[in-house]
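Open the model in a viewer and keep a selection box at hand. The stops below go from one selection to the next and say what is there.

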Amino acid sequence: MALVRNFQQLNKQRNSVHKEVDCTYTTFEDSVGNRIFQIDTYGSSDREFVGKVSQSIQLDEESAVKLIKLIQEEFLG
């Protein structure tokens with residue numbers, strides 16, 4: 001699990017599209033009242049433990065706003 005604070009662009013030489021997996025999200029408040037947005041992805045259907053959380057990424061308000069801006073820049077110009 002990771003609480004993301006910053007984003008840094010990395011230009012890779014090789015990229016590939018990954019397998020499709022299920023994803024869920026939840027929101028909650030941490031111990032001091034900050035809102036957290038959590039994304040959980042689940043292993044592919046051929047994984048040993050189907051339905052088990054594979055990765056969890058958490059964003060607080062500041063990092064969520066950063067990600068929204070990056071997505072808008074990349075997809076909307």
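Begin with strands S3 and S4, which pair in the antiparallel sense over 7 bridges. This is a predicted model, so read every distance and angle below as computed from predicted coordinates. To find a matched pair of residues here, select Ile39 and look across to S4, where the bridge partner is Ile57.

**The other side of S3**

Now select residues 23-29, strand S2, together with residues 35-42, strand S3. These two strands run antiparallel and are joined by 7 bridges. Two pairs are worth picking out. Thr24 stands opposite Asp40 of S3, and Thr27 has Phe37 of S3 as its bridge partner.

Follow the chain from S2 into S3. The two strands form a hairpin, with 5 residues between them. Select Gly33 in that turn and check its backbone: phi is positive, at about 90°.

**The loop between S3 and S4**

Select Lys52, which is found in the loop between S3 and S4. Is Lys52 buried or exposed, or in between? Its relative accessibility is 45%, so Lys52 counts as partly exposed. Show the surroundings of Lys52 next: leaving out residues up to four places away in sequence, Lys52 touches Thr41, Tyr42, Gly43 and Arg47. For a longer view, draw a distance from the C-alpha of Lys52 to the C-alpha of Leu3. The two residues are 49 apart along the chain, and the distance reads 20 Å.

**Two salt bridges**

How many salt bridges does a search of the whole structure find? The search finds 2.

For one of them, select Arg5 and Asp60 and show their side chains, which meet in a salt bridge at 2.2 Å, N to O. Arg5 lies in the loop between strand S1 (2-4) and S2, while Asp60 lies in strand S4 (residues 53-60), so the pair ties together parts that are 55 residues apart in sequence. The two partners can be compared by their cover. Arg5 has a relative accessibility of 45% and counts as partly exposed. Asp60, at 13%, counts as buried, because the cut-off for buried is under 20%.

For the other, select Lys66 and Glu62, whose side chains meet at 3.7 Å, N to O. Both residues lie in helix H1, 4 residues apart, or about one turn of the helix. Why can side chains with that spacing face each other's way? An α-helix has 3.6 residues a turn, so residues three or four places apart point the same way. Lys66 is partly exposed, with a relative accessible area of 28%. Glu62 is exposed, at 54%, because the cut-off for exposed is over 50%.

Keep Glu62 selected and add Arg5. Their C-alpha atoms are separated by 7.6 Å, although the residues are 57 apart along the chain.

**Along helix H1**

Select residues 61-76 to show the whole of helix H1. H1 has 16 residues and reaches 22 Å from its first C-alpha to its last, close to the 22 Å expected at 1.5 Å a residue.

Within H1, select Ser63. Which residues is Ser63 in contact with, leaving aside its neighbours within four places in sequence? They are Val4, Arg5 and Phe7. Ser63 has 0% relative accessibility and counts as buried. Arg5 therefore appears at two stops: in the salt bridge with Asp60, and here among the contacts of Ser63.

Move along the helix to Ile71, which also lies in H1. Ile71 is partly exposed, with a relative accessible area of 41%. Add Phe75 and Leu76 to the selection and turn on the surface. Ile71, Phe75 and Leu76 form a nonpolar patch there, and together they have about 390 Å² of accessible area.

For the last stop, select Gly77, just after H1. Gly77 takes a positive phi of about 80°. Gly33, in the turn of the S2 and S3 hairpin, also has a positive phi, there about 90°.

How values were computed: Residues are numbered from 1 along each chain as its sequence is written. This is a predicted model: local features need pLDDT of at least 70, side-chain atom pairs count only at pLDDT 80 or more; totals for chains, interfaces and linings use all residues. Side-chain values use heavy atoms; hydrogens and water are left out. Two strands pair if DSSP finds at least two bridges between them. Patches are made of residues with over 30% relative accessible area and no salt bridge: like charges are joined within 9 Å, nonpolar side chains (Val, Leu, Ile, Met, Phe, Trp, Tyr) within 5 Å. Accessible areas come from the Shrake-Rupley method with a 1.4 Å probe; for residues, only the protein chains shown count as cover. A salt bridge is a side-chain nitrogen of Lys or Arg within 4 Å of a carboxyl oxygen of Asp or Glu. Buried means under 20% relative accessible area, exposed over 50%, partly exposed in between (1.4 Å probe, protein chains only). The expected span of a helix is 1.5 Å times one less than its number of residues. Contact means heavy atoms within 4.5 Å.
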